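Let's take a look at how two chains meet, and then at a small sheet in one of them. Have the structure open as you read.

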Protein chains: 2
Amino acid sequence: MGDYSQYRPLNAADVPQWDFETDVAVIGFGATGACAAIEARGAGAEVMLFERSSGSGGASALSGGEIYIGGGTDAQVAAGFTDTVEDFTTYLKLAGGPCVDEAKCERYGREALAHYQWLKDQGVPYRGNYLPGKVIEPTDDSTLIWSGSEAAAPFYKQARPAPRGHVIQHMGWGGGRPLVDVLEARARDLGTTIVPDARAVALIVEGPRVVGAVVRIDNRDRFVSARKGVVLATGGFVFNEAMRRKHCPETFKLRDPIGDKDDGVGIELGQSVGGEAIHMDQFFTTCPWTMPESHAYGVFVNVMGQRFINEDCYHGRVSRCAVDQPGGKVYLLLDNAHFVQPMDFARMSIAGTGETWDEVEAELEMPAGTLAATMDLYNRHAREGRDPLFDKQPPILTPLDQGPFVALELNFEASYFSFFTLGGLRTSADAEVLDHGGTPIPGLFAAGRCTSGLPAWGHGYSSGMSLADCTFFGRQAGIKAAA
Amino acid sequence: MGDYSQYRPLNAADVPQWDFETDVAVIGFGATGACAAIEARGAGAEVMLFERSSGSGGASALSGGEIYIGGGTDAQVAAGFTDTVEDFTTYLKLAGGPCVDEAKCERYGREALAHYQWLKDQGVPYRGNYLPGKVIEPTDDSTLIWSGSEAAAPFYKQARPAPRGHVIQHMGWGGGRPLVDVLEARARDLGTTIVPDARAVALIVEGPRVVGAVVRIDNRDRFVSARKGVVLATGGFVFNEAMRRKHCPETFKLRDPIGDKDDGVGIELGQSVGGEAIHMDQFFTTCPWTMPESHAYGVFVNVMGQRFINEDCYHGRVSRCAVDQPGGKVYLLLDNAHFVQPMDFARMSIAGTGETWDEVEAELEMPAGTLAATMDLYNRHAREGRDPLFDKQPPILTPLDQGPFVALELNFEASYFSFFTLGGLRTSADAEVLDHGGTPIPGLFAAGRCTSGLPAWGHGYSSGMSLADCTFFGRQAGIKAAA
């Protein structure tokens, strides 16, 4: 067994024998790898797909199977929404914030409708109907939901809002698994050779070109020749504590990483041959505070009793801003008209109650005139349908003035804040891995969460952006590798 | 002329001729490079120092010449302060926040007193006296000042506070230039060969080992053999817009980079041979809002009229938190007892005035009950010597209740917010450049702002931390390279 523990590249001249030979080697069998394989096979390339687990899935299969698509889909039109490529692209760019990759936003903005058709062509079912309200995932088999901050400030002022979360038709939560199943079936039908229980441990190079990979199977190294290219589709690094410590240390205030063995191997493999990793400090987080749905009407304050966000934006954006607040916790304030018992799995606790907001303030041991003044100001303007501080919009903007009142504590360490990493390899809009000077590394492609892509900025995330990135740029990786 | 525009390493076998041969090649002639040269010469190595400008300086020469030193110096003791290695080290770690390099903090914590003696031995003069108050740099020739957040929350609760900003004895601002002059003279006296107008464009490698560098002089490439090692001492990347866009995009909200040609070349050279860059999103910024000194007693609010920091902490920490606030600006609130005309170069403007805080609030077009409620709460507790929200401490904590009142606008784009980058190569506490697996790259050393070091976290910066890092770890680079 060789020592590839630090993922150092192996020179082709040092390869003892080629155990596998193919045109395109795809590493990782989530949605990204599946889409890369489908496209590479479609272009006529031989494709082998190596997956460390015994089957497909990855973080994609743990998701809701929701893909962020806009520009005027059948479901959007049927529900009476107007969406344009321009508004959609503008929103994608705003969502990228300071980390935005404009070329990727523009390309996906232009091609998302065609991508939606492509997904259908692969067999992904869409019922095509719209489910209104503030939902995390549909609990029925509806397939279009609001999944971001489109209708909330500051986004609604710059891009006309429309719902863009397109969910695979599937009864209840958990559409990610059936989505991957459809893509897997398609990749198999097209003749992809799938090698499970094979963990990538090194890339193989010939001069500057990547010509293969070393995979470990049954504790033995096998050498894969990839005549046209290697596609990295291995996910993020949320389960690699050393990488998180080095690159994304803010996440250590949270306790619930989500993913499937996401240990950053693809990022490290890419770096081992000169690939550049960017925005490695960025992460997504969310707490299911909008469940039950009446809680979406609540108001957040930090430990100083200050509001910090328009609470009508995406639950993950609220959560990401929440974990920026000092003091290790925030409070979700609710009145009697909106409070119901929170979900157990959210691990929120009731930190204060009262007949008035002054009593809640006192129970939370905040100085007089903090939380109570915040709620007085909020209610006064909410009655007029305005939020002069954060521009929260009706109907989520509503007075909370029917006591008794409750403050739920969302504690960063104790409550359920799921999180995953967003930083990764810098790639072109054709999914080529770029070096520090911006030049593609010959033979190396990547997509999904081992790259920095559409969901580049934790504060701008919207549900479905990561799977949009995985599926669309996974396809580009397959196309480009096979070319 | 070769094409090293992307700093690709050159194989030693491809070097046409060796134009220079030495034991240790130091790249960059700020404080870091000078200290590396002094130590490498002291260890008996031949040293050549290459500097792209026509003379020494770098960002060090633009600084105040202040070095963060603690643990009980002569100046601290003479002024009646008790400081220990433990408190000093604890503060260094807190200042590193989530980005902290504990090994570097512990090493510098233990050795700072010896480092102080070493600086004196090189000829750096210290008058040894203490200047009280809230000053950015001494305006006389005093040499010990408060230069961080030691006495402010949350730091004072975890580490006993002491002033630790040790400034070279020098009349007025600008001690950085004379500090570099002293170090340059010492490096020259010891026999360092200095080659100015020589810009490093590539490293030279022999297998995994760095064995030299390519420098461009008079538009011709010269090849430097460094038998023992190359030391990178080239500063940060604040003047490289492409690198900032990729790695530190938050800085684009500000307008005043400070440095001396800091284009990140050392970071890119290190990366070109497998070095890892970390915390590239981190930056320092400050606005000279504590000048005149009575303004240090002011209160900051964001555009929602909310306070966001205990204003008694370091001016750079306040400024860094300020630029996190939404709305592109913050306000510094002052009463008649504390307001004087701000310095022109700060480019602050008077955004609102009034006989009461309600009038100021109205002039700023904030909703009634925001800024005025904030100041009511603040003044009410300040009269009791308390700040229950942010734990600001007396005497900086003082009521602002003598009208007329003023709100100064600190606009991120219009006001003077100087900034520089803090991320860079990951190095050991011996200044070895580390690869992604944490293994030293043979023959390559680095220190100062081309590395991530003691000042790792923008929100925790204290004046003198960067020069402490430059001088101390610059020395380690020289020692280790010469070994």
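How many residues of chain B are in contact with chain A? There are 34 of them, and they touch 34 residues of chain A. Keep in mind that this is a predicted model.

## How much gets buried

The size of an interface is often given as the accessible area lost when the parts come together. Here, chain B and chain A bury about 2800 Å² between them, and carbon and sulfur atoms give 54% of that. On the chain B side, B:Lys246, B:Leu389 and B:His436 lose the most area to chain A, together 20% of what that side buries.

## Salt bridges and polar contacts

Chain B and chain A share 4 salt bridges. B:Lys246 turns up again here: it forms a salt bridge with A:Glu276, with the closest N and O atoms 2.9 Å apart. There are also 16 residue pairs in polar contact between the two chains, counting pairs with both residues at pLDDT 80 or more.

So which elements of chain B each supply at least two residues of the side that touches chain A? They are α7 (241-247), α8 (265-272), β12 (277-278) and α11 (371-382). Sorted by class, that side of chain B has 12 nonpolar, 11 polar and 11 charged residues.

## A sheet in chain A

Chain A has an open sheet of 3 strands in the order β11-β18-β13, with mixed pairing. β11 (256-257) and β13 (283-286) of chain A each have a single partner strand, so each stands at an edge with one side left without a neighbour in the sheet.

β11(A) and β18 (residues 418-421) of chain A run parallel and are joined by 2 bridges. Across that pairing, A:Asp256 stands opposite A:Ser418 in β18(A).

Note on methods:
Residues are numbered from 1 along each chain as its sequence is written. Chains are lettered from A and ligands numbered from 1 in the order in which they are written. This is a predicted model: local features need pLDDT of at least 70, side-chain atom pairs count only at pLDDT 80 or more; totals for chains, interfaces and linings use all residues. Side-chain values use heavy atoms; hydrogens and water are left out. Two strands pair if DSSP finds at least two bridges between them. Helices (H or I, at least four residues) and strands (E, at least two) are DSSP runs, numbered from the N terminus. Contact means heavy atoms within 4.5 Å. Buried area is the accessible area (1.4 Å probe) that two parts lose on being put together, summed over both. A salt bridge is a side-chain nitrogen of Lys or Arg within 4 Å of a carboxyl oxygen of Asp or Glu. A polar contact is a pair of N or O atoms within 3.5 Å; within protein, one must be able to donate a hydrogen and the other to accept it, and residues adjacent in sequence count only if both atoms are side-chain atoms. Ala, Val, Leu, Ile, Met, Phe, Trp, Tyr, Cys and Pro count as nonpolar, Asp, Glu, Lys and Arg as charged, and the others, Gly among them, as polar.
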